[in-house]
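Me: I am new to this structure and should be grateful for a guided introduction. Please take me through it by way of questions and answers.

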Amino acid sequence: MIEKIDHIGIAVKDLNEAALFYKEILGLELSSVEEVESQGVKVGFIQIGESNVELLEGTNENGSINKFIEKRGEGVHHIAFKVESIDDVLKILVEKGVRLIDEKPREGAGGKKIAFLHPKSTNGVLIEICEG
Ligand code: CO
């Protein structure tokens, strides 16, 4: 059902500044930056082998990323698992009684279909599933 860790989402105050640490200290390049208006975030991907670090900067003062940083500071925000069919996986999760934030897939960065599971069902971890 789950193929791999697609990415780890990290909430940052300033994407460009955060990317400097990855570039200058760790030697990892930002491969793409994109604004996902519907989610109120600027997203930057840094590829590391088969997975990515996803830097998330909130573009909306009252958006979820800024609220997260206000409450908990910068840091790991979510873990994303890649699945073959998000519709199939969501169906299975509902059948198993998992609480979902997104009952239906929505569009994430890169036009991928994504959905978030509720941390109440996942030991406090915000889990994203993404397709493609
Ligand atoms: Co993500």
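**Strands, metal site and salt bridges**

Reply: Let us begin with one pair of strands: β2 and β3 run antiparallel and are joined by 6 bridges. Please bear in mind that this is a predicted model.

Me: Which residue in the turn of the hairpin formed by β2 and β3 has a positive phi?

Reply: The hairpin of β2 and β3 has 4 residues between its strands. Within the pairing, E35 has K42 of β3 as its bridge partner. The turn residue with a positive phi, of about 65°, is G40.

Me: In what order do the 8 strands of the open sheet lie?

Reply: The pairing in this sheet is mixed. The edge strands, each pairing on one side only, are β2 (30-36) and β6 (106-107). The order is β2-β3-β4-β1-β5-β8-β7-β6.

Me: What is the bridge partner of G9 in β5?

Reply: Strand β1 covers residues 2-12 and strand β5 covers residues 75-83. These two strands pair in the antiparallel sense over 8 bridges. In β5, the partner of G9 is H78.

Me: At about what angle does helix α1 run to β4?

Reply: Helix α1 comprises residues 15-25 and lies across β1, β2, β3 and β4. Its direction relative to β4 (51-58) is about 150°.

Me: Is the site of the cobalt ion regular or irregular?

Reply: The cobalt ion is coordinated by H7 (NE2), E54 (OE), H78 (NE2) and E128 (OE), at 2.1 to 2.3 Å. A tetrahedral site would need all angles between 85 and 135 degrees. The angles among the 4 donor atoms are 83 to 164°, and the site is irregular.

Me: How many residues apart are E54 and H78?

Reply: The donor residues are spaced in sequence as H-x46-E-x23-H-x49-E. E54 lies in strand β4 and H78 in strand β5, so the pair links distant parts of the chain. Both residues are buried. Their separation is 24 residues.

Me: Which residue forms a salt bridge with E3?

Reply: The structure holds 6 salt bridges. In one of them, the side chain of E3 in strand β1 meets a residue of strand β5, so parts 79 residues apart in sequence are tied together. E3 is partly exposed, at 42% relative accessible area, whereas its partner is buried, at 18%. With an N to O distance of 2.7 Å, that partner is K82.

Me: Is D102 buried or exposed?

Reply: D102 forms a salt bridge with R106, the closest N and O atoms being 2.9 Å apart. R106 counts as partly exposed at 27% relative accessibility. Buried means under 20%. At 10% relative accessibility, D102 is buried.

Note on methods: Residues numbered from 1 in each chain as written. Predicted model: local features only at pLDDT ≥ 70, side-chain atom pairs only at ≥ 80, totals over all residues. Heavy atoms only, no water. Pairing = 2+ DSSP bridges. Contact = heavy atoms within 4.5 Å. Axes fitted to C-alpha atoms, helices over the stretch in contact; angles between N-to-C directions. Donors = N, O, S within 2.8 Å, 3.2 Å for Na, K, Ca; no water. Tetrahedral: all angles 85-135°; square planar, octahedral: opposite > 155°, others 65-115°. Buried < 20%, exposed > 50% of the residue type's maximum accessible area, 1.4 Å probe, protein only. Salt bridge = Lys/Arg side-chain N within 4 Å of Asp/Glu carboxyl O.
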